[in-house]
Amino acid sequence: MPFYEYVCRKCHKKFGEVLTLKEQETKKVRCPKCHSQDLEKVIEPFFAVTAKKSGSW
Ligand SMILES: [Zn+2]
């Protein structure tokens, strides 16, 4: 399942959510700290980072 990272625009808390594509569109993601829905999605090459770690070439 894809992993998404968000930063809350209110309290700047960074947190991660594992969501399916459908969930990402329909689910209302909230900040676990202040419960704000004013979030910024962090685009991080999560899979690329793990591939880099295990790759030896
Ligand atoms: Zn917050």
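Which residue in E2 is the bridge partner of Phe3? In this predicted model, the bridge partner of Phe3 in E2 is Val18, and the views below start from the whole chain before turning to single strands, loops and residues.

**View 1. The protein chain holds two helices and three strands.**
Read from the N terminus on, the elements follow one another as β-β-α-β-α. Of the 57 residues in the protein chain, buried residues make up 5%. Among the contacts in the protein chain with a separation of 6 or more, 42% join residues that are 24 or more positions apart.

**View 2. The three strands form an open sheet in the order E2-E1-E3, with antiparallel pairing.**
Because E2 and E3 stand at the edges and each has a single partner strand, one side of each is left without a neighbour in the sheet. Neighbouring strands of this sheet are turned against each other by 35° on average, with direction ignored.

**View 3. Strands E1 and E2 pair in the antiparallel sense over five bridges.**
One of the bridges joins Phe3 to Val18 in E2, and another residue with a partner in E2 is Glu5, which is bridged to Gly16. The two strands E1 and E2 form a hairpin with five residues between them. Of the five residues of E2, the number buried is zero, so E2 lies largely in the open.

**View 4. His12 lies in the loop between E1 and strand E2, which spans residues 14-18.**
Although His12 is not a glycine, its phi is positive, at about 60°, and this residue belongs to the turn of the hairpin formed by E1 and E2. His12 counts as exposed because it has 11 C-beta neighbours inside 10 Å, where the cut-off for an exposed residue is 12 or fewer.

**View 5. His35 is placed in the loop between helix H1 (21-26) and strand E3 (39-42).**
His35 is not a glycine, yet it has a positive phi of about 60°. With 10 C-beta neighbours inside 10 Å, His35 counts as exposed.

**View 6. Tyr6 is found in strand E1, which covers residues 3-8.**
Tyr6 has 18 C-beta neighbours inside 10 Å and therefore counts as partly exposed, a class that lies between the limit of 12 or fewer for exposed residues and that of 20 or more for buried ones. The C-alpha atoms of Tyr6 and Gly16 are 6.1 Å apart in space, while the two residues are ten residues apart in sequence. If the neighbours of Tyr6 within four places in sequence are left aside, Tyr6 is in contact with Phe15, Glu17, Val29, Leu39, Glu40, Lys41 and Val42.

**View 7. Leu39 has its place in strand E3.**
Leu39 is buried, because 20 other C-beta atoms lie within 10 Å. Not counting residues up to four places away in sequence, Leu39 touches Tyr6, Val7, Cys8, Arg9, Val29 and Cys31. The C-alpha atoms of Leu39 and Lys10 are separated by 8.1 Å, although these residues are 29 residues apart along the chain. The contact between Leu39 and Tyr6 links this view to the preceding one, in which Tyr6 is found in strand E1.

Terms used. Residues numbered from 1 in each chain as written. Predicted model: local features only at pLDDT ≥ 70, side-chain atom pairs only at ≥ 80, totals over all residues. Helix = DSSP H or I, 4+ residues; strand = E, 2+ residues; numbered from the N terminus. Contact = placed C-beta atoms within 7 Å. Pairing = 2+ DSSP bridges. Axes fitted to C-alpha atoms, helices over the stretch in contact; angles between N-to-C directions.
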